[in-house]
Amino acid sequence: MATEEIGREEMTDAYCAGRRVGFGISAMVLSLLAMVSLLGAEKAILAIVLGALALRGSGRGTLARRLGLIAICIGAVFLLVVTVVVIVFRDQLLEIILTLEKLS
């Protein structure tokens with residue numbers, strides 16, 4: 001009976017570790033997709049959230065932790081770049097928006 005409980009705990013731990021790795025992989029893919037599409041602030045935010053979920057409960061040096069940290073960094077850098085671009089080029093962006101309004 002004690003062996004059964006230990007087996008269940010090991011299975012539960014393995015399930016949780018696999019889930020964290022899945023969150024990490026999803027976060028990594030979303031953060032890279034946000035960088036490629038260049039219009040993906042919502043994807044970057046979701047990548048940061050999934051990266052945080054991958055970090056929760058993961059041990060030091062695990063794959064889930066590494067993927068989660070990388071995804072959070074890429075998502076944060078993307079959001080920072082988008083913010084800087086919007087601030088620096090706001091006049092040109094307003095001009096594009098007004099031109100698009102005239103075309104519609």
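## Exercises on a predicted helical model

At 1.5 Å a residue, the 14 residues of helix 4 should span 20 Å, and the end C-alpha atoms of helix 4 are indeed 20 Å apart, which agrees; the expected span is 1.5 Å times one less than the number of residues, and helices (H or I, at least four residues) are DSSP runs numbered from the N terminus. The model is predicted, so that local features need pLDDT of at least 70 and side-chain atom pairs count only at pLDDT 80 or more, while totals for chains, interfaces and linings use all residues. Residues are numbered from 1 along each chain as its sequence is written, and side-chain values use heavy atoms, with hydrogens and water left out.

**Exercise 1. Compare the end-to-end reach of helix 3 with the expected value, and list the residues of helix 3 that are buried.**

Step 1: helix 3 covers residues 63-88, 26 residues, and reaches 37 Å from its first C-alpha to its last, which is close to the 38 Å expected at 1.5 Å a residue.

Step 2: Ala 64, Leu 67, Gly 68, Ala 71, Gly 75 and Phe 78 of helix 3 are buried, where buried means under 20% relative accessible area, exposed over 50%, and partly exposed in between (1.4 Å probe, protein chains only).

**Exercise 2. Determine how helix 3 and helix 4 are oriented to each other, and which residues make the contact.**

Step 1: helix 3 and helix 4 (residues 90-103) pack at an angle of about 80°, with their axes 5 Å apart; axes are lines fitted to C-alpha atoms, for helices over the stretch in contact, and angles run from 0 to 180 degrees between N-to-C directions.

Step 2: helix 3 and helix 4 are therefore roughly perpendicular to each other, given that angles of 65 to 115 degrees count as roughly perpendicular, under 35 as roughly parallel, over 145 as roughly antiparallel and the rest as oblique.

Step 3: the contact (heavy atoms within 4.5 Å) is made by Val 85, Val 86, Ile 87 and Val 88 of helix 3 and by Arg 90, Gln 92 and Leu 93 of helix 4.

Step 4: of the 14 residues of helix 4, the number buried is zero, so helix 4 lies largely in the open.

**Exercise 3. Identify the largest nonpolar core and follow the contacts of Ala 71.**

Step 1: a nonpolar core is a set of buried Ala, Val, Leu, Ile, Met, Phe, Trp, Tyr and Cys residues joined through side-chain atoms within 4.5 Å, and the largest one has five residues, namely Ala 27, Leu 30, Ala 47, Leu 50 and Ala 71.
Helix 1 (2-37) and helix 2 (41-55) are the elements that give two or more residues to this core.

Step 2: with neighbours within four places in sequence left aside, Ala 71 is in contact with Ala 27, Met 28, Ser 31 and Ala 47.

Step 3: Ser 31 has its place in helix 1 and counts as buried at 1% relative accessibility; leaving aside neighbours within four places in sequence, Ser 31 is in contact with Ala 47, Ala 71, Ile 74 and Gly 75.

**Exercise 4. Is Ala 64 buried or exposed, and which residues is Ala 64 in contact with, leaving aside neighbours within four places in sequence?**

Step 1: Ala 64, which lies in helix 3, counts as buried at 4% relative accessibility.

Step 2: leaving aside neighbours within four places in sequence, Ala 64 is in contact with Arg 20, Val 21, Ala 54 and Ser 58.

Step 3: Arg 20 is in helix 1 and is buried, with a relative accessible area of 17%, whereas Val 21 counts as partly exposed at 23% relative accessibility.
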